[in-house]
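These are my notebook entries on one protein structure. I set down what I looked up and what I found, entry by entry.

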Amino acid sequence: MASFLPRGPLQTIERHILEQQKFHPEATGTLTGLLYDMALAGKIIGSHIQRAGLAEILGTTGEENVQGEEVQKLDVFAQRTIYRLNDHTGRLACMGSEEEPEIIAIPERFPQGKYVLLFDPLDGSSNIDSNVSVGTIFSIYRRVTTAGPGTNEDVLQPGNRIVASGYIIYGSSTMLVYSTGYGVHGFTLDPMIGEFLLSHPDIRVPEKPKYYSVNQSNEIHWSDGIQRFTRYMQGMDNGFKGLSARYIGSMVADFHRNLLQGGIFYYPADLRDPQKPTGKLRLLYECAPLAFIAENAGGYASNGRQRILDIQPTALHQRVPLYIGNRSLVEKAEEFIRSYDKHTTNTN
């Protein structure tokens, strides 16, 4: 097997993270270590995903998580990997995971740190048995309490306070994309040498979008504004040429494609499920981290009425609608919602 070598000077993710410290004069190296441990988590999880069938870790555990979703065996493995890499380092005050109902405390025998780590250990895991790309999403905040174990106050922070966020996508190759607020950078894992190498420096959302990504089978349950916006995306309204539809059903994969190719991913609230009146996607574990990435790449993310990064969370597993991608398209979605959904609340 040939080794992957990107064009230009070779740069590992470790070196890149260290060089990013120059943008943070107050940096002590703690955040650098935390980011590198997330890269290590990606290597471990990616390795197990590649041989999941052989290792007999495909399929469900027979349990449901706090979201009411079937727990996959690889969900459990990814959760444990991220926890065990971070519980003892002294960098974190606490953690939060999509798979856990409450915040994850740091064991008393280990020191408490100044950061908080929130993560979705395996986004899109229901697609694992179909060999569809899945991913890990994470964000890092500074704690707001001054000492002791982390609390809900440390976790329930708006996305505009994110210090760093990223995702690791496990597909035909394993890629890590992250930002500390100074550009968005992508790294591809070379399996022969076991290193993430810089392959996509300074990612910017292309000005000319190609795709719209949405589960259109839910359309009959959407508000009038969202249905009209979708027709606009198809080129059926207002003279807009329209975009090609691409929907994988693994959000991290849909987002990644549109980040590189241009477009919009959206998952509106709908009127079908009274248990989810404000959408399906989790603000803390999915929407805010990817919104931080999108905005640092020149894009935008909204719940249809408000910037995602400005939403003050009120619950660990708060759900919101999401529109994310090219700024012009997300703002167009907001325009349709303002114009046609004045008397509805399901987009808030």
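**Entry 1. Terms for helix packing.** I first fixed what an axis is: a line fitted to C-alpha atoms, for helices over the stretch in contact, with angles running from 0 to 180 degrees between N-to-C directions. Two packed helices are described by the angle between their axes and the distance between the axes. I also noted that the model is predicted.

**Entry 2. Helix 5 and helix 8.** I looked up how helix 5 (residues 224-233) lies against helix 8 (residues 327-340), and found an angle of about 140° with the axes 8 Å apart. That angle makes helix 5 oblique to helix 8, because only angles over 145 degrees count as roughly antiparallel. I recorded the crossing of these two helices as right-handed. On the side of helix 5, I listed Asp224, Gly225, Ile226, Arg228, Phe229, Tyr232 and Met233; they meet Leu329, Lys332, Ala333, Phe336, Ile337 and Tyr340 in helix 8. Sorted by class, the residues of this contact are nine nonpolar, one polar and three charged.

**Entry 3. The whole protein.** I then turned to the totals. The protein has eight helices and 17 strands. Of its 348 residues, 56% are buried. Among contacts with a separation of 6 or more, 64% join residues 24 or more positions apart. I noted an accessible surface of about 15,200 Å², of which carbon and sulfur atoms hold 48%.

**Entry 4. Helix 2 and helix 3.** How do helix 2 and helix 3 lie relative to each other? I found helix 2 (residues 30-50) packed on helix 3 (residues 73-86) at an angle of about 150°, with the axes 10 Å apart. The two are therefore roughly antiparallel to each other. Their crossing is right-handed. From helix 2, Leu34, Asp37, Met38, Leu40, Ala41, Ile44, Ile45, His48 and Ile49 meet Leu74, Phe77, Ala78, Thr81, Ile82, Leu85 and Asn86 of helix 3. This contact has twelve nonpolar, three polar and one charged residues.

**Entry 5. Ala41.** I chose one residue of helix 2, Ala41, for a separate entry. Is Ala41 buried or exposed? Its relative accessible area is 1%, so I entered Ala41 as buried; the cut-off for buried is under 20%. Leaving out residues up to four places away in sequence, I found that Ala41 touches Thr81, Ile82 and Leu85. I also looked up Ala78, which is 37 residues from Ala41 in sequence and 8.0 Å from it in space, C-alpha to C-alpha.

**Entry 6. Helix 6 and helix 7.** The axes of helix 6 (residues 251-261) and helix 7 come within 12 Å and cross at roughly 10°. That makes helix 6 roughly parallel to helix 7. I listed Met251, Phe255 and Leu259 in helix 6 as meeting Glu286, Leu290, Ile293 and Ala294 in helix 7. The classes here are six nonpolar, no polar and one charged. I then looked up helix 7 (residues 283-296) by itself: 13 of its 14 residues are buried, so this helix is largely enclosed by the rest of the structure. Gly298 follows helix 7 and has a positive phi, near 90°.

**Entry 7. Asp202.** Where does Asp202 lie? I placed it in the loop between strand 10 (195-200) and strand 11 (211-213). Its phi is positive, near 50°, in a residue other than glycine. With 45% relative accessibility, I entered Asp202 as partly exposed.

Conventions:
Residues are numbered from 1 along each chain as its sequence is written. This is a predicted model: local features need pLDDT of at least 70, side-chain atom pairs count only at pLDDT 80 or more; totals for chains, interfaces and linings use all residues. Side-chain values use heavy atoms; hydrogens and water are left out. Helices (H or I, at least four residues) and strands (E, at least two) are DSSP runs, numbered from the N terminus. Angles under 35 degrees count as roughly parallel, over 145 as roughly antiparallel, 65 to 115 as roughly perpendicular and the rest as oblique. A crossing is left-handed if the near helix is turned anticlockwise from the far one by less than a right angle, and right-handed if clockwise. Contact means heavy atoms within 4.5 Å. Ala, Val, Leu, Ile, Met, Phe, Trp, Tyr, Cys and Pro count as nonpolar, Asp, Glu, Lys and Arg as charged, and the others, Gly among them, as polar. Buried means under 20% relative accessible area, exposed over 50%, partly exposed in between (1.4 Å probe, protein chains only). Accessible areas come from the Shrake-Rupley method with a 1.4 Å probe; for residues, only the protein chains shown count as cover.
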